[in-house]
Structures are given as structure tokens and as C-alpha cells.
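Here's a quick tour for anyone meeting this structure for the first time. Have a look at it, then read on for a few places to stop.

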Amino acid sequence: MERVQLSLRRLASRISEGIDGPLLAIALALGGVGLVTLYSASYDTPARVTGQLASLAIAVTAMWVAARIPPETLMRVALPAYAIGLLLLVAVAVFGDSVHGARRWLHVGVTRFQPSEMMKLALPLMLAWHFHRNETALRLRDFGVGALLLAVPVLLIARQPDLGTAVLVAATGFYVIFFAGIGWRVLATLAVLSAASLPPLWGLLHDYQRKRILTLLDPTQDPLGAGYHTIQSTIAVGSGGIVGKGWLQGTQAHLEFIPERHTDFIFAVFSEEFGLVGNCVLLALYSLLIGRGLMIAAHAASFFSRLLAGAVTLMFFTYAFVNMGMVSGILPVVGVPLPFVSYGGTALATLFVGVGILMSIRRHRRLVQT
């Protein structure tokens with residue numbers, strides 16, 4: 001009996017090796033919030049909950065695998081992962097499935113996946129590797145090469161069109177460039193150039209994208225069209241009040257006023273049922289996740305690890321900020337899910353792999369002399 005117990009303890013120790021307890025607890029808590037909210041949002045399609053539970057199990061397994069991969073190995077696969085990601089994005093443009101005018105998916109065997117999700121991790125890996133190689137003497141041209149590495153996949157994703165994912169990928173890549181030490185003068189110049197490029201970029205946007213931006217200023221100008229999402233989601237958020245209407249009691253969701261209530265607008269369902277108190281708890285969980293990630297980045301063993309950990313952590317922040325801002329009516333409506341909460345297997349796997357990368361970086365952190 002003692003031998004069996006000893007064997008079980010050894011097995012548990014091997015399985016938990018490299019797993020960061022606080023990170024895992026926060027990620028699972030957010031995943032649990034997602035399952036509870038999804039159950040209410042998908043009352044008419046209960047199979048979604050079981051599907052999300054299966055996706056969560058796969059995502060946690062992927063996290064466990066990523067947590068056991070040393071940063072040195074991640075550095076070696078950075079260039080191949082980026083190249084494969086670009087090839088898949090080109091394949092989407094040529095062979096991808098077209099749904100509602102957007103070409104974003106590739107069929108692989110009996111399933112399909114969204115290659116743009118891969119670039120959320122492949123791009124920061126590539127940029128961190130690029131700046132790590134030139135760490136001793138970073139020059140302006142190194143940042144120029146980094147900007148080019150960022151621009152190519154972002155333009156391919158925006159062309160699908162998938163503005164939400166393009167924004168997320170661009171933000172994640174920018175975080176690497178920022179943490180690499182780009183000067184404030186360069187940033188100010190880029191800000192001015194970006195502002196100057198807005199008029200010509202406006203003409204390149206699709207009609208529905210321009211309409212989304214215009215309805216942000218006044219959703220009531222098209223209440224049954226482009227402004228419908230914003231109007232209904234803000235009604236749901238506001239009607240939750242302080243403590244919410246209670247689980248399974250959200251009228252906006254159950255009367256089907258909230259569109260895409262199980263994916264991009266699941267935060268509206270959560271806000272209506274759990275109110276301001278629930279939102280504060282959710283914000284606290286995201287704050288703990290981001291704080292833990294930044295602590296790991298600060299104590300990382302190498303320049304590559306610091307850049308990668310910082311970018312992955314702020315990717316979580318960008319996901320949450322853009323989704324909550326979109327649902328609350330302070331940002332345009334773009335296709336960005338609420339991290340760890342919204343329905344969707346590909347995005348969930350990407351997020352948990354990001355958590356696994358943070359665990360790996362922490363496991364191989366530098367030992368500080370005291």
C-alpha cells in the first residue's frame with residue numbers, strides 16, 4: 001500500500017513539475033466563469049457547453065506540454081513557426097473557406113482551424129528571437145526589420161478580412177518591439193505618421209468596418225443594423241445593476257436580444273446576470289493574471305524570455321480590454337473573444353498555450369542571490 005502511495009506521489013510530482021499553481025488557478029477560474037456563463041448563454045444549444053468542456057481539457061493539456069518546453073527550444077522553433085504561419089495565411093487566401101464574405105478557415109482532415117490564431121504566438125516568438133540575436137547592439141534598422149516582420153502577417157489577416165484578430169496580432173507584436181527598447185522619439189514619430197495615414201486608410205476599409213466605427217459615435221443612427229450589437233449589449237450591461245439579475249435570469253440573453261451571446265458578446269450576458277459585483281471579480285481575475293505574468297517577465301532568465309513573457313501577458317490584457325470596451329460601447333465592434341470565457345476551441349487553446357509558455361519561462365528563471 002505504501003509503495004502504491006509513493007508511486008502515486010511520484011506520478012503527481014512529475015505531472016505537476018513546472019506548473020505554476022497561481023497561474024493555473026487563475027486560468028481555470030476564468031475557464032469556470034466561461035462555462036457557467038456559456039451554460040446560460042447557450043440554453044437552446046446545450047451541446048456547446050460539453051464541446052467547450054472538451055476544448056478546455058485539450059487546452060489544459062496543450063498548456064501542460066508548453067510548460068515543459070524550455071525557452072531555448074522555443075527560441076529554436078521561432079523561425080519555423082513564423083514561416084509556417086505565413087504559409088498557412090497564404091493558403092487561407094487561396095484555399096480557405098469563405099463564410100459571410102470572410103476567408104479565415106482551413107480544413108485539415110475532419111476538422112478546420114484558424115491559422116491567424118497561430119500568429120498570436122508565432123509572431124512574438126519570431127520578434128523576441130530577432131531582438132535577442134541583436135541584443136548587444138540594437139539599432140534602428142533592427143526595429144525596422146521587426147516592424148516588417150510584424151506588418152506582413154497583420155496585412156494578410158486584415159485582408160481576410162479579420163480586423164479583430166489583425167489588431168490583436170499587431171498589438172502583441174508591438175509589445176515585443178516596445179519591450180525591446182524602441183526610443184520614445186521613434187514612437188512619437190510613428191504616432192504622428194499613423195495619425196496622418198488615417199484618411200487614406202479610411203478608404204481601404206470595408207463598408208461594414210467603416211459603419212462599425214461610425215456607429216460607435218452614434219449607434220442610434222442605425223439601431224436595427226450596424227448599431228444593433230452596441231445598443232443591445234450596453235442595455236444588457238446596464239440592466240445588470242449592482243448585483244445582477246441572477247444566473248439564468250438574464251432577459252436580454254434569453255429573449256435573444258444579444259447577438260453572438262456565446263462568443264464575442266458573452267461579457268454582456270455575464271454583466272446582466274452578475275452585475276457590477278461580478279464584473280469586479282472578473283476584472284480582479286484578469287488583473288491577477290496580468291500581474292503574475294509581468295512578475296514572471298521581470299525575473300526571466302534571458303532577453304528572449306523577458307520579451308516573450310511580456311508580450312504574452314499583455315496579449316491577455318488586449319483581449320480583455322478590447323472585448324469589454326466593445327461590449328460596453330467605448331470601442332468599435334470587432335471580432336475579439338473574451339479571454340478564457342468566450343466559446344471557441346482555437347482561441348482557448350492559444351490562450352492556454354500562452355499560459356504554458358509563461359510557466360516554462362518561470363520554471364527556467366534566473367536564481368536571484370539574497
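Leaving aside its neighbours within four places in sequence, which residues is Leu216 in contact with? They are Gly329, Ile330, Leu331 and Pro332. Keep in mind that this is a predicted model. The stops below are Leu216, a helix, a group of aromatic residues and some salt bridges.

**Around Leu216**

- You'll find Leu216 in helix H9, which covers residues 207–217.
- Leu216 has a relative accessibility of 24%, so it counts as partly exposed.
- One of its contacts, Ile330, sits 114 residues away along the chain, yet the C-alpha atoms of Leu216 and Ile330 are separated by just 7.2 Å.

**Helix H7**

- Helix H7 takes in residues 163–179. Its 17 residues should span 24 Å at 1.5 Å a residue, and that agrees with its end C-alpha atoms, which are 24 Å apart.
- Plenty of H7 is tucked away: its buried residues are Gly164, Thr165, Ala166, Leu168, Val169, Ala171, Thr172, Gly173, Tyr175, Val176 and Ile177.
- What covers those buried residues includes three other helices: H5 (115–133), H6 (140–158) and H13 (303–328).
- After H7 comes Gly181, with a positive phi near 110 degrees.

**A nonpolar patch and its aromatic rings**

- On the surface, a nonpolar patch is made up of Phe174, Phe178, Phe179, Trp184 and Leu294, with about 500 Å² of accessible area together.
- Helix H7 supplies the largest share of this patch, 3 residues.
- How exposed are the patch members? Phe178 is partly exposed, at 31% relative accessible area, and Phe179 is partly exposed too, at 33%. Trp184 reaches 65%, so it counts as exposed.
- The model has 10 aromatic pairs. Among them is Phe178 with Phe179, an edge-to-face pair with 5.8 Å from centre to centre and 65 degrees between the planes.
- Phe178 also pairs edge-to-face with Trp184, again 5.8 Å centre to centre, with 75 degrees between the planes.
- Zoom out a little and Phe174, Tyr175, Phe178, Phe179 and Trp184 turn out to form one aromatic cluster.

**Salt bridges**

- Side chains of opposite charge can pair when their charged atoms come close. Here the count comes to 4 salt bridges.
- One of them joins Asp20 to Arg292, with the closest N and O atoms 2.6 Å apart. Asp20 is in the loop between helix H1 (2–16) and helix H2 (21–41), while Arg292 belongs to helix H12 (residues 266–298), so this bridge links distant parts of the chain, 272 residues apart.
- Both ends of that bridge are out of the way: Asp20 is buried, at 3% relative accessible area, and Arg292 counts as buried at 18%.
- Asp20 has a second partner as well, forming a salt bridge with Arg362 (2.9 Å, N to O). Arg362 lies in helix H14 (residues 345–363) and Asp20 in the loop between H1 and H2, so this pair ties together parts that are 342 residues apart in sequence.
- Arg362 has 27% relative accessibility, which means that it counts as partly exposed.
- Shared partners join Asp20, Arg292 and Arg362 into one salt-bridge network.
- Back in helix H5, the side chains of Glu117 and Lys120 meet in a salt bridge (2.8 Å, N to O). These two lie 3 residues apart, about one turn of the helix, and both are buried.
- An α-helix has 3.6 residues a turn, so residues three or four places apart point the same way.

Definitions and conventions: Residues numbered from 1 in each chain as written. Predicted model: local features only at pLDDT ≥ 70, side-chain atom pairs only at ≥ 80, totals over all residues. Heavy atoms only, no water. Helix = DSSP H or I, 4+ residues; strand = E, 2+ residues; numbered from the N terminus. Buried < 20%, exposed > 50% of the residue type's maximum accessible area, 1.4 Å probe, protein only. Contact = heavy atoms within 4.5 Å. Patch = residues over 30% accessible without salt bridge, like charges linked within 9 Å, V, L, I, M, F, W, Y side chains within 5 Å. Areas by Shrake-Rupley, 256 points an atom, 1.4 Å probe, with all protein chains shown as cover. Expected span 1.5 Å × (residues − 1). Phe/Tyr/Trp six-rings, centres within 6.5 Å; stacked < 30°, edge-to-face > 60°.
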